[in-house]
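Dear colleague,

I am handing over the structure below, and I would be glad if you could look through it alongside the notes that follow.

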Amino acid sequence: MNELIWRDFYFMILDRFPHVAEGAFKPEFDAIRWDDWPAGFAAWCTGQTGYPLVDAAMRQLNHCGWMHNRLRMVVASFLTKDLGLDWRLGEKYFADRLIDFDLAANNGGWQWAASTGCDAQPYFEFSTRSRNRKNSTRTANSSVNTFPNWPI
Ligand SMILES: Cc1cc2nc3c(=O)[nH]c(=O)nc-3n(C[C@H](O)[C@H](O)[C@H](O)COP(=O)(O)OP(=O)(O)OC[C@H]3O[C@@H](n4cnc5c(N)ncnc54)[C@H](O)[C@@H]3O)c2cc1C
């Protein structure tokens, strides 16, 4: 029952606040300066970040078009908080691949993870360590292969 309430809640948000389809529920959060890092986004999409949980989830999505709710939360948080990439990139990637894609639920889930939504967790950068590594990786070599090659 609780889960169905989330579905209807996000339906209501999209109906009453249609601007969420394009931008943050809270307009002040449109000022967040997301990074421009195509190689990082490509690694996330293809499940090659080096973080086994993230990579397994993304590979499942690519393979069968589905992912458990908790993993959606993990990979969305990773994209926005660790890689510092715009939630709309992930939202569109999910929209193109999820067999249960729904604009309201997908948008609500992404804005929750990015901390831009109505019910979102407070904004923070989840891991300064991985972002620092990313930044040093970016200066040295922008290739996807520069992520740590942890076993999956
Ligand atoms: C980043 C992100 C993106 C998401 N994208 C979508 C999407 O495109 N389409 C979609 O239907 N759900 C989406 N969700 C919500 C949730 O992940 C799925 O609804 C859930 O995985 C479906 O699994 P289930 O059928 O076993 O759900 P159950 O846990 O059995 O719940 C029953 C039903 O309630 C609804 N529901 C459950 N959790 C949520 C939730 N958090 N938000 C809204 N509705 C919910 C669904 O209709 C679901 O089928 C997203 C969540 C996140 C974090």
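A convenient place to begin is helix H2, where Pro38 and Ala42 are exposed on one side. Please keep in mind throughout that this is a predicted model. On the other side from that pair, the residues of H2, which runs over residues 38-46, include Gly40, Ala43 and Trp44, and these three are buried. Seen down the axis of H2, the buried residues fall within an arc of 100°, so they line one face of the helix. This agrees with a general rule: an α-helix has 3.6 residues a turn, so residues three or four places apart point the same way. Just after H2 comes Gly47, and the phi of Gly47 is positive, near 70°.

As for the chain as a whole, the protein contains seven helices and zero strands, and, read along the sequence, its pattern is α-α-α-α-α-α-α. Of the 152 residues in the protein chain, 30% are buried. Among the contacts with a separation of 6 or more, 63% are accounted for by residues 24 or more positions apart.

The surroundings of the ligand come next. There are 20 residues around the ligand, and of these Glu3, Arg7, Asn69, Asn106 and Gly109 come nearest. The elements giving two or more residues to this shell are helix H1 (2-16), helix H4 (69-82) and helix H6 (103-114). Sorted by class, the shell holds 11 nonpolar, four polar and five charged residues. Which helix gives the most to the shell around the ligand? That is H6, with six residues.

H6 therefore deserves a description of its own, as the helix that gives the most to the shell. H6 has 12 residues and reaches 16 Å from its first C-alpha to its last, which is close to the 16 Å expected at 1.5 Å a residue. H6 is also mostly covered, with 10 of its 12 residues buried. Those buried residues are Ala105, Asn106, Asn107, Gly108, Gly109, Trp110, Gln111, Trp112, Ala113 and Ala114, and they pack against H1, H4 and helix H5 (87-97). Two of the residues that come nearest to the ligand, Asn106 and Gly109, are thus found among the buried residues of H6. After H6 comes Ser115, whose phi is positive, near 70°.

With kind regards

Key:
Residues numbered from 1 in each chain as written. Predicted model: local features only at pLDDT ≥ 70, side-chain atom pairs only at ≥ 80, totals over all residues. Buried ≥ 20, exposed ≤ 12 C-beta atoms within 10 Å, placed from the backbone. Helix = DSSP H or I, 4+ residues; strand = E, 2+ residues; numbered from the N terminus. Arc of directions from axis to C-beta. Near = placed C-beta within 6 Å. Nonpolar A, V, L, I, M, F, W, Y, C, P; charged D, E, K, R; others polar. Expected span 1.5 Å × (residues − 1). Contact = placed C-beta atoms within 7 Å.
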